[in-house]
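Please look through the sequence and the model below before reading on. The paragraphs that follow take up one part of the fold after another.

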Amino acid sequence: MLKEKLETLKQEVQQKVDKVTSSLELSDIRNEYLSKKGVMSSFMMELKNVANDQKPIMGQMINETKNFISNLIDSRMKELQDIELENKLKEEKIDITLSGYNFKSASKHPMNIVVDDIINIFVPLGYSVVEGPEVETDKYNFEYLNIPKNHPARAMQDTFYITENLLLRTQTSGLQARAMQANTLKTPLKIICPGKVYRRDDDDATHSHQFMQIETLVVGEHVTLADLKGTLDLVAKKMFGEKREIRLRSSYFPFTEPSVEVDVSCSCNNNKTCPVCKGTGWIEILGAGMVHPNVLKMSGYDPNIYSGFAIGFGVDRITMLKYGFDDIRNLYNNDLRVISQFVKER
Ligand code: DAH
């Protein structure tokens, strides 16, 4: 009786397993027959009601059927899984001959290109790159640079004040004082300091309330105006080309004496209608000078022993000249049409 039942069961399972086409369906069949609440378990439960002497034989028969079903399902499962894996591999086959996507990589902003170019001129000459805070104290931005309160030179730079003594730096020149004071051994210094600066200007084609400067400072014994001039000449030629000349014009900055404004010759060959140099043949690119003795003194360097020179680059102006921008606002409005021109295709 039980024997026949189990035989029919085997056949039933065999038929089902033969028809099955996926491992998922086969798992359902496994659950139906072999799980805790499955068909085989219910056979086992019924053993309870069987006479004791019959139990071992019947138990053996049930177990044998269970193993049969289990082996049947296992071997079919393996077949199905192999087929499924093969199909999956076929479906997901990668065509390695297809060309890849051309991802646009991010690019350096043109001003950062100029900053890096200038840094790369100075670093091989022994200069260290130094950065400082954009929120600066009045002392570093003005006082240590020989611009005391009420000095008329403060009017040259309209300042964003945060408190009476705290401001958005109007120039990177404050880093001169910071670097000299930080150097407690008072040894010679050669630094280059790029950074953002801020002034209360109304934005137009040539003014921006935020712009960028690079400050360079050299302090040592016997540093002369000739050293400054030689450095400027080298920098102009590296930045704009070997044929370029420089011209120094006398100027005024409170923290340098003498002070100069530096022009570089235009590439237009004295074209009277050149829009870049306005027909003058010269383009103003930066301010510079010999560090004022007061500035050295205030930051702990003895002006009788030490002298130095400082240079202040306007990064915006140089970027505009170099890449032909006619409106400074295009450096700041993040217009992708502008910036993407500097993306290098891979
Ligand atoms: N800080 C000056 C400005 O913002 C630029 C400058 C001029 C910097 C002469 C210097 C310098 O170091 O020597 O107008």
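Which strands does α5 lie across, and at what angle does α5 run to β5? In this predicted model, helix α5 lies across β1, β4, β5 and β9, and its direction makes an angle of about 5° with that of β5. With an angle under 35 degrees counting as roughly parallel, α5 and β5 are therefore roughly parallel to each other.

The strands just named belong to an open sheet of seven strands, in which the order is β1-β4-β5-β9-β8-β7-β6 and the pairing is mixed. The edges of this sheet are taken by β1 (residues 128-129) and β6 (residues 246-253), each of which has a single partner strand, so that one side of each is left without a neighbour in the sheet. Strands of a sheet pair through backbone hydrogen bonds, and the pairing may be parallel or antiparallel.

Strand β5, which spans residues 210-221, is mostly covered, with 10 of its 12 residues buried. On one side, β5 is joined by 10 bridges to β4 (residues 189-198), and the two strands run antiparallel; within this pairing, Ile 191 has Leu 217 of β5 as its bridge partner. β5 also pairs with β9 (residues 306-314), again in the antiparallel sense, here over nine bridges, and Gly 220 stands opposite Ser 307 of β9. Strand β9 in turn is joined to β8 by five bridges, with the two strands running antiparallel, and in that pairing Gly 289 is matched with Ala 310 of β9.

A further helix, α10 (residues 315-323), lies across β5, β8 and β9, and runs at about 55° to β9. Because the range from 65 to 115 degrees counts as roughly perpendicular and angles under 35 degrees as roughly parallel, with those in between being oblique, the orientation of α10 to β9 is therefore oblique. Within α10, the residues Val 315, Asp 316, Ile 318, Thr 319 and Met 320 are buried. The cover over these buried residues includes the strands β5, β8 (residues 282-291) and β9, together with the helices α5 (residues 110-122) and α8 (residues 225-240). Just after α10, Gly 324 adopts a positive phi of about 75°.

The packing of helices can be followed in the N-terminal part of the numbering, beginning with α1 (residues 2-19) and α2. These two helices pack at an angle of about 165°, and their axes are 11 Å apart, which makes α1 roughly antiparallel to α2. Their crossing is right-handed. From α1, Leu 9, Glu 12, Val 13, Lys 16 and Val 17 meet Leu 26, Ile 29, Glu 32 and Tyr 33 of α2, and this contact is made up of six nonpolar and three charged residues, with no polar ones.

Helix α2 (residues 23-34) also packs with α4 (residues 55-91), where the axes come within 9 Å and cross at roughly 165°. An angle over 145 degrees counts as roughly antiparallel, and α2 and α4 are therefore roughly antiparallel to each other. The crossing of α2 with α4 is left-handed, whereas that of α1 with α2 is right-handed. On the α2 side, Ser 23, Leu 26, Ser 27, Ile 29, Arg 30, Tyr 33 and Leu 34 take part, and they meet residues of α4 including Ile 69, Ile 73, Met 77 and Leu 80, as well as Lys 66, Asp 74, Arg 76 and Glu 84. Sorted by class, the contact of α2 with α4 comprises eight nonpolar, four polar and five charged residues.

Some details of the backbone remain to be pointed out. The peptide bond that joins Glu 257 and Pro 258 is cis, with omega at about 0°, and Pro 258 is found in strand β7 (residues 256-265). In the loop between β7 and β8, Lys 278 has a positive phi of about 55° although it is not a glycine, and this residue is exposed, with a relative accessible area of 66%. Asn 334, which is not a glycine either, likewise has a positive phi of about 55°. Its place is in the loop between α10 and α11 (residues 336-339), where Asn 334 counts as exposed at 56% relative accessibility.

Note on methods: Residues numbered from 1 in each chain as written. Predicted model: local features only at pLDDT ≥ 70, side-chain atom pairs only at ≥ 80, totals over all residues. Heavy atoms only, no water. Buried < 20%, exposed > 50% of the residue type's maximum accessible area, 1.4 Å probe, protein only. Helix = DSSP H or I, 4+ residues; strand = E, 2+ residues; numbered from the N terminus. Pairing = 2+ DSSP bridges. Axes fitted to C-alpha atoms, helices over the stretch in contact; angles between N-to-C directions. Left-handed = near helix turned anticlockwise from the far one by under 90°. Contact = heavy atoms within 4.5 Å. Nonpolar A, V, L, I, M, F, W, Y, C, P; charged D, E, K, R; others polar.
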